[in-house]
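This report describes one protein chain, going from its overall build to individual helices and then to single residues. Please keep the sequence and the model in view while reading.

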Amino acid sequence: IMVNDVEMLRRFRDSALKKTVLGELAVEVYYTFSPAISGLLGESELLRETARGMLDPIVGRVRAFKH
């Protein structure tokens, strides 16, 4: 994920996710668990590559949603 993708995801979070109950729940879950997951990812290149692979389709969908 590139810096521009991160910014795009933040805008999507603020403009779409935070406006629905399910979206707000998803954001809350993310911020609850992401610090621990981030710590694990920092220890392994394989885990980082796996996470990037899992995030690519999400980034693609958000990018498509924008247009």
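The text below begins with the basis of the values, then takes up the whole chain, its helices and a few chosen residues.

The model is predicted, so that local features need pLDDT of at least 70 and side-chain atom pairs count only at pLDDT 80 or more, while totals for chains, interfaces and linings use all residues. Residues are numbered from 1 along each chain as its sequence is written, and side-chain values use heavy atoms, with hydrogens and water left out.

**The chain as a whole**

The protein chain has three helices and zero strands, where helices (H or I, at least four residues) and strands (E, at least two) are DSSP runs numbered from the N terminus. Along the sequence this gives the pattern α-α-α. Taken along the principal axes, the box filled by the C-alpha atoms comes to roughly 35 × 25 × 15 Å. Of the 67 residues, 16% count as buried, a term that stands for under 20% relative accessible area, with exposed meaning over 50% and partly exposed lying in between (1.4 Å probe, protein chains only). The chain exposes about 5,400 Å², of which carbon and sulfur atoms supply 65%; these accessible areas come from the Shrake-Rupley method with a 1.4 Å probe, and for residues only the protein chains shown count as cover.

**Helices H2 and H3**

Helix H3 covers residues 45-66 and reaches 31 Å from its first C-alpha to its last, close to the 32 Å expected for its 22 residues at 1.5 Å a residue. The 21 residues of H2 should span 30 Å by the same rule, and the 29 Å between its end C-alpha atoms agrees with this; the expected span is 1.5 Å times one less than the number of residues.

Each of these helices also has a kink shortly before a proline: in H2 a kink of about 45° lies at Ser34, shortly before Pro35, and in H3 a kink of about 30° lies at Leu55, shortly before Pro57. The bend at a residue is the angle between axes fitted to the seven residues ending there and the seven starting there.

The buried residues of H2 are Gly23, Val27 and Ser34, and they pack against H1. In H3, Ala51, Val59 and Val62 are buried, and their cover includes helix H1 (3-15) and helix H2 (21-41). Contact here means heavy atoms within 4.5 Å.

**Three residues in detail**

The table lists the relative accessible area of three residues.

| Residue | Relative accessible area |
|---|---|
| Val27 | 7%, buried |
| Arg11 | 41%, partly exposed |
| Leu22 | 68%, exposed |

Val27 is found in helix H2 and, leaving aside neighbours within four places in sequence, is in contact with Arg13, Leu17 and Lys18. Val27 and Asp14 are 13 residues apart in sequence, and their C-alpha atoms are 9.7 Å apart in space.

Leu22 also lies in helix H2, and its C-alpha atom is separated by 20 Å from that of Pro57, 35 residues away along the chain.

Which residues does Arg11 contact, leaving aside its neighbours within four places in sequence? Arg11, which lies in helix H1, is in contact with Ala16 and Lys66. Arg11 and Lys66 are 55 residues apart along the chain, yet their C-alpha atoms are separated by 10 Å.
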